[in-house]
Amino acid sequence: MEISVFSTASKAIGNSILGYVSSPAWRNKMITQSINHPTSPYAHGNFEHYNTLGWLFKRCTLLLPTEDRLTLISSTFSQTMISGWGEVEWHRVFNFLCSLTNLLPKIKMAVTGTPGVSCSLELQLRLFCRQVLLDPWLGKDTLFWLTRILKPWPMVLQARLLFILYGPLMPDGTLAWQGIVEREMSHSALWQMAGVIVLLYSNLDHLTDWTTDTMQTILEELIVFPEVWHMENMARLLLCLVLCGSTVCYSFLANKLHNGQLLEVSRLIVHIILVCEKDGYSMNWVVRMVHQVCQGFNTSERFAFIQRLEDMFSEVTMELIEIVTA
């Protein structure tokens, strides 16, 4: 940190230091370090190292044009480097990083291929996008980078990309493409996925390419890929959305009811009740959810929906009894 402060003493000193830190020998020594997995005990040390390097490059290049500064950015400390820049410059940074890393062709290969076949590519994209573009930022700054990553793709591929970036992982570190279909996932495994959906949904007023219908479509595509998810995983994700304080769950269920999917909504709500019981959440969440979903109904429609819920509760109870006694 001391040398970065010293570089601001004069233009001549700054240029001398910049020449030194731009040399291949210095870069190989100071920048070419392995990026540890986020759960590694050494990850915090790496973050501090690259944070300090980011400040050094930011101060050394203070008087250079944006394009020249970008050529000196190592993606591992770009967050510190570009802090305080305007949105136009952020767009340039994103385009530069896409070009430098061949990001968009890699994303296309991952989201259009068979899930899990290119697991190393999926994890490479997840690690790069999360550690470089998404996790170092907060709130609307994260939203900027997320929308840049998602924007080039149609909604069905946006859903797949969100799973690559925020979906649950298996114990071996690979994405749980089949796990999400075949077995229950924990509440914590789906929390990040819920959080990013809420981030997008809660900022729709500021986004030109996403609407309520868009988010409902993305959510719909998400829970049926690569196959229809395990029912409790669907229920747990929807409950996570409610716990995040978002209304996207209510809108999602109400839209399904509007489209005549009464049976599916009833089954989802019953499994949300089961998830609340398993995970120790108050049933008040479910009561509030049913109340919100029923707001657009007249009296007879509301009665029919509640009756369908009762019937579905009986059906699911019998299914559980059969599983236990089998």
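This briefing describes the fold content, one helix packing, the salt bridges and two backbone features of the structure above.

The model is predicted, and its protein chain contains 19 helices and zero strands. Of the 326 residues in the protein chain, 45% are buried. Among the contacts in the protein chain with a separation of 6 or more, 63% are accounted for by residues 24 or more positions apart.

**Packing of H16 and H18**

- Helix H16, which covers residues 248–258, packs with helix H18, residues 284–293, at an angle of about 50°, and the axes of the two helices are 9 Å apart.
- This angle makes H16 oblique to H18, because angles of 65 to 115 degrees count as roughly perpendicular, those under 35 as roughly parallel and those over 145 as roughly antiparallel, with the rest taken as oblique.
- The handedness of the crossing of H16 and H18 is right-handed.
- On the H16 side the contact is made by Cys 249, Tyr 250, Leu 253 and Leu 257, while on the H18 side it is made by Arg 288, Met 289, Gln 292 and Val 293.
- Sorted by character, the residues of the contact of H16 with H18 comprise six nonpolar, one polar and one charged.

**Salt bridges**

- The structure holds ten salt bridges, and the points below take up some of them, beginning with a pair that joins two helices.
- Lys 278 and Glu 232 form a salt bridge in which the closest N and O atoms are 3.0 Å apart.
- Because Lys 278 lies in helix H17 (residues 262–279) and Glu 232 in helix H15 (residues 231–243), the pair ties together parts that are 46 residues apart in sequence.
- The two partners sit in unlike surroundings, since Lys 278 is partly exposed, with a relative accessible area of 48%, whereas Glu 232 is buried, with a relative accessible area of 6%, and a residue counts as buried when that value is under 20%.
- Glu 232 and Lys 278 also belong, together with Glu 184, to a network of linked salt bridges.
- Glu 182 forms a salt bridge with Arg 183, and here the closest N and O atoms are 3.7 Å apart.
- In this pair Glu 182 is partly exposed, with a relative accessible area of 48%, and Arg 183 likewise counts as partly exposed, at 38% relative accessibility.
- Glu 315 forms a salt bridge with Arg 308, with the closest N and O atoms 2.8 Å apart, and Glu 315 is partly exposed, its relative accessible area being 35%.

**Backbone features in loops**

- The peptide bond that runs from Phe 225 to Pro 226 is cis, with omega near 5°.
- Pro 226 is placed in the loop between helix H14 (212–222) and H15, and H15 is also the helix in which Glu 232 lies.
- Asn 102 has a positive phi of about 60°, although this residue is not a glycine.
- Asn 102 has its place in the loop between helix H7 (87–101) and helix H8 (103–112), where the residue is partly exposed, with a relative accessible area of 42%.

Key
Residues are numbered from 1 along each chain as its sequence is written. This is a predicted model: local features need pLDDT of at least 70, side-chain atom pairs count only at pLDDT 80 or more; totals for chains, interfaces and linings use all residues. Side-chain values use heavy atoms; hydrogens and water are left out. Axes are lines fitted to C-alpha atoms, for helices over the stretch in contact, and angles run from 0 to 180 degrees between N-to-C directions. Helices (H or I, at least four residues) and strands (E, at least two) are DSSP runs, numbered from the N terminus. A crossing is left-handed if the near helix is turned anticlockwise from the far one by less than a right angle, and right-handed if clockwise. Contact means heavy atoms within 4.5 Å. Ala, Val, Leu, Ile, Met, Phe, Trp, Tyr, Cys and Pro count as nonpolar, Asp, Glu, Lys and Arg as charged, and the others, Gly among them, as polar. A salt bridge is a side-chain nitrogen of Lys or Arg within 4 Å of a carboxyl oxygen of Asp or Glu. Buried means under 20% relative accessible area, exposed over 50%, partly exposed in between (1.4 Å probe, protein chains only).
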